[in-house]
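The following questions and answers introduce the fold of one protein chain. Please read them with the structure in view.

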Amino acid sequence: MGLHSILKKLKQKEKEVRLLMLGLDNAGKTTVVKRFCGEDINTISPTYGFNIKTVDHTVNNYEYKLNIWDVGGQTSLRSYWRNYFECTDGLIWVVDSSDVDRLEDCRSELKKLLAEERLAGATLLVFANKQDLSDSLNVGQIKEILDLETLKTHHWFILPCSAVTGENLVEGIDWLLKDISARIFTLD
């Protein structure tokens with residue numbers, strides 16, 4: 001039995017998943033995490049460094065322990081993102097759909113991440129956040145700008161969402177866990 005098989009069986013027993021949440025600053029990463037965890041979102045400040053939230057979540061009658069790493073997205077912090085890649089099962093990329101001026105920067109940063117060897121097996125969920133704002137681009141426009149259709153190295157899914165209203169957050173996490181489970185766990 002190889003090391004990969006042993007690790008797979010250990011993960012199967014605990015059904016513990018490590019999710020890395022990244023995106024440019026002010027995309028709404030912390031708001032996504034807090035809303036998903038049922039916490040108050042009225043007092044959110046920029047993340048300088050990282051936050052870790054551990055939450056139990058059930059999908060299709062399977063209980064998962066999620067360790068969500070919410071890492072700051074300021075330009076000065078992006079070079080440190082690589083310190084959080086190890087053992088990442090799923091990457092959640094949060095996009096501010098209303099910040100049209102920085103979408104090219106957003107695409108560039110995502111492409112750099114997806115080229116990282118330590119994220120090679122990670123499933124990608126793109127949250128097109130801030131859909132509650134009238135000037136937000138739709139999910140089709142975001143998908144085109146991020147050039148997701150050409151992405152062949154990762155399983156991916158893009159979903160419109162609003163961290164403020166909670167729209168599609170659970171649905172996105174559920175999709176992510178189902179995809180990760182198909183790769184990592186042998187479900188009964």
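Helices (H or I, at least four residues) and strands (E, at least two) are DSSP runs, numbered from the N terminus. This is a predicted model, in which local features need pLDDT of at least 70, side-chain atom pairs count only at pLDDT 80 or more, and totals for chains, interfaces and linings use all residues. Residues are numbered from 1 along each chain as its sequence is written, and side-chain values use heavy atoms, with hydrogens and water left out.

Q: Which pattern does the chain follow along the sequence?
A: The chain contains five helices and six strands. Read along the sequence, they give the pattern α-β-α-β-β-β-α-β-α-β-α.

Q: Why is the chain as compact as a globular protein of its length?
A: The globule rule is 2.2 Å times the number of residues to the power 0.38, and the radius of gyration is taken over C-alpha atoms. For 188 residues the rule gives 16 Å, and the chain is as compact as such a globular protein because its radius of gyration is close to that, at 16 Å.

Q: Which element gives the most to the largest nonpolar core?
A: A nonpolar core is a set of buried (under 20% relative accessible area, 1.4 Å probe, protein chains only) Ala, Val, Leu, Ile, Met, Phe, Trp, Tyr and Cys residues joined through side-chain atoms within 4.5 Å. The largest has 27 residues, with Leu 66 among those with the most contacts inside it. Strand 1 (16–22) and strand 3 (62–71) are among the elements that each supply at least two residues. The most, six residues, come from helix 5.

Terms used
Buried < 20%, exposed > 50% of the residue type's maximum accessible area, 1.4 Å probe, protein only.
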